[in-house]
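Q: Please examine closely the side chains at the surface and the charged pairs of this structure. I would like a connected account of where they lie and how they are covered.

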Amino acid sequence: MASNTGETTGRKITSRLSYSFGAFGHDMFYATLSTYFIMFVTSHLFDKSAGGENDKMIFYITTIISLLRFVELAIDPFIGNTIDNTETKWGHFKPWILAGGTIGSITLAVLFTNMGGLNSSNPLLYLLIFAVLYITMDIFYSFKDVGFWSMIPAISFDSAEREKTATFARVGSNIGANIVGVIVMPLVVFFSVNANHGQGDLRGWFMFGAIIALISWLSAVVVGIGTKENDSALRQNAEKTRMRDVFKVLARNDQLMWLSLTYGLYTSGIAITNALELYYFTYIMGKPGEFSVLATLNMFIGIVAVLLFPPLAQKFSRRNVFFISIAIMVVSLVLFTFAGSSLPLVLLSAVLFYIPQPLIFLVVLMVLSDSVEYGQLKFGHRDESLTLAVRPLLDKLGGALSNWVVGITAVLAGMTAGATASDITTRGQIIFKFFMFGVPALLILSGTFIFFKKVTLDEEEHAKIVNELEKTWHEHLETNGEESMQDIEKKVAATTTSYQSPITGTLVSLSDVSDENFASGNMGKGFAVKPTDGKVFAPFDGVVEATFPTRHAIGLRSDDGILTLIHIGIGTVKMEGTGFVQYVDKGQRVKQGQELIEFWQPAIKKAGYDDTVMVVITNYKDIKAFNYIKDTGDVTHGEEILNLSNPNEKKD
């Protein structure tokens, strides 16, 4: 399936690799901040001699982190909207990726220090500076996060290329998130003056933080240099979402809200256990260096889990994949509770806990994406950036809760500055295991219950939503503010429009197709083609007015006002885009004969669906002259099928 985007193969590969490296550095940063920074705070930021004052400062710091994250609940939803409204010669996203990468990296490196001893000499000033630095870092990280993951549609208009870019990115992010665990203790110990039973010292942890910050910054620069952001009207809404409407847009989508609550509880639970794993190796087993073994296993397992998701979702459904994954997690937590100091049992438990995480993440991401169409159908407006901004917001909130819980756990279990595994009492171990396993299990199961009871947006429902959007796509056309939807639908020029066949094959009467909506004429007047080729071309000059996430249909408006829907196959919405490549997007101008979509007929037949292509004119009632040039036999794309005009109306 060749792309018609005009990009060279070398340019595409450079873009994919650059974006993948960006994901690598981006998730290294996040893993460091959410999992390992709190280890630095509890175990190395303060001197052992300070005693009870250390516990108070740890509590203050973790509380500040949690409170600042809650403050961000009022900030983060605006970030996607701000990015959407950013207009620079570098595009919407790159300025925020570079700014977020630069400022975030600098502040992260500073946070891995005691700020020249201020934490001891002037604790109040230290806490004030810490709060300012942390909120600054977090806000710019959010801009970078939303900007980075929202950039995929701007890198290419070719859906196949987008999927490849996203796949490269997910592999890069998985490696980045896990390789931090592989290198953390070796780097810390290598740069430390005092090995401290394999835990390292303040200098070692600063060097670790500085190296992560540098890699993260370099990855942002590579994205800026190695990718090209295509600027067009493709992703623009007919109207901008106003700031005051942001929360309203999010709150009115009930499926988005229930899913957010589910994911918020779940991600908080796994973040607590993930963050405490290094503590387990350090203070329960007394072998912090062995943590690299677990991180290495997780890195490879994560890649395999991502690749397994499509076949698992197809065989069991996304919803069942979610429940199966949760069951595996619960079993792993029980097993982990009784693993003790046995390295094989600990590794088995931890690996079982990690395997479902990429799968659940992808389930949530898919349902989150589907909620965009759910909201579009209910409210007639797509809010992609706002919707996708919810996930990173909840991840950060879960990380904040995790840091707070981990801080309390470390203090109550006696796992603070200067402590070793031999110092931890039986009571301390019980407290630690309660917070590492009991609290996360409660959070994860609570989220699962909400998902079971309230989240109904599965593949079947999404297919119905897309089908409904197909029927009503022409009712949500972009207006210039001076004419109504009805005016646009009736605006057919007096000149004749030559309507060419968009596909090669055999003509079929629309009334003979097996889809009742098309056969009855409810979808419009037109014709059908039994295709012999999998390429769909523009039947006239015009604008793409509607696209669908499943890529099986497209809505066009001709320069003369003809509204047409080209629908590939019957029931193919359930294929979720598999086997379809879309070369254009909403808002793009197309020329007659330009390739729009390519599909693989064997994939449709293997899935058990009819590949007949239905072509309808939705505003046919406003067209006075509707003349068939050809209505039977074989047809080649580009061959004239219809003459359409409104001779009683004068062209504006």
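A: **Surface patch and salt bridges**

Phe21, Leu214, Trp217 and Leu218 together make a nonpolar surface patch of about 340 Å². The model in which this patch appears is a predicted one. Helix 9, which spans residues 202–226, gives the most to the patch, with three residues. Phe21, by contrast, has its place in helix 1, residues 9–43. With a relative accessibility of 30%, Phe21 counts as partly exposed, because that class covers the range between under 20%, called buried, and over 50%, called exposed.

The charged side chains come next. A search of the whole structure finds ten salt bridges, and three of them are described here, beginning with a pair inside one helix.

Lys56 forms a salt bridge with Glu53, and the closest N and O atoms of this pair are 3.8 Å apart. Because the two residues are three residues apart in helix 2 (residues 52–72), about one helical turn separates Lys56 and Glu53. Lys56 is partly exposed, at a relative accessible area of 46%. Glu53 also counts as partly exposed, at 48% relative accessibility.

Another salt bridge joins Arg318 to Glu459, with the closest N and O atoms 4.0 Å apart. This pair links distant parts of the chain: Arg318 belongs to helix 13 (residues 318–337) and Glu459 to helix 19 (residues 459–472), and the two are 141 residues apart. Arg318 has a relative accessibility of 5%, so it counts as buried. The pair does not stand alone, since Arg318, Asp370 and Glu459 are linked in a network of salt bridges.

A further salt bridge involves strands. Lys530 pairs with Asp611, the closest N and O atoms being 2.9 Å apart. Here too the pair links distant parts of the chain, with Lys530 in strand 3 (residues 525–531) and Asp611 in strand 11 (residues 610–617), 81 residues apart. The two partners fall into separate accessibility classes: Lys530 is partly exposed, with a relative accessible area of 37%, whereas Asp611 counts as buried, at 2% relative accessibility.

To draw the account together, the nonpolar patch is made by Phe21 along with Leu214, Trp217 and Leu218. Among the salt bridges, the pair of Lys56 and Glu53 lies within helix 2, the pair of Arg318 and Glu459 links helix 13 to helix 19, and the pair of Lys530 and Asp611 links strand 3 to strand 11.

Terms used:
Residues numbered from 1 in each chain as written. Predicted model: local features only at pLDDT ≥ 70, side-chain atom pairs only at ≥ 80, totals over all residues. Heavy atoms only, no water. Patch = residues over 30% accessible without salt bridge, like charges linked within 9 Å, V, L, I, M, F, W, Y side chains within 5 Å. Areas by Shrake-Rupley, 256 points an atom, 1.4 Å probe, with all protein chains shown as cover. Helix = DSSP H or I, 4+ residues; strand = E, 2+ residues; numbered from the N terminus. Buried < 20%, exposed > 50% of the residue type's maximum accessible area, 1.4 Å probe, protein only.
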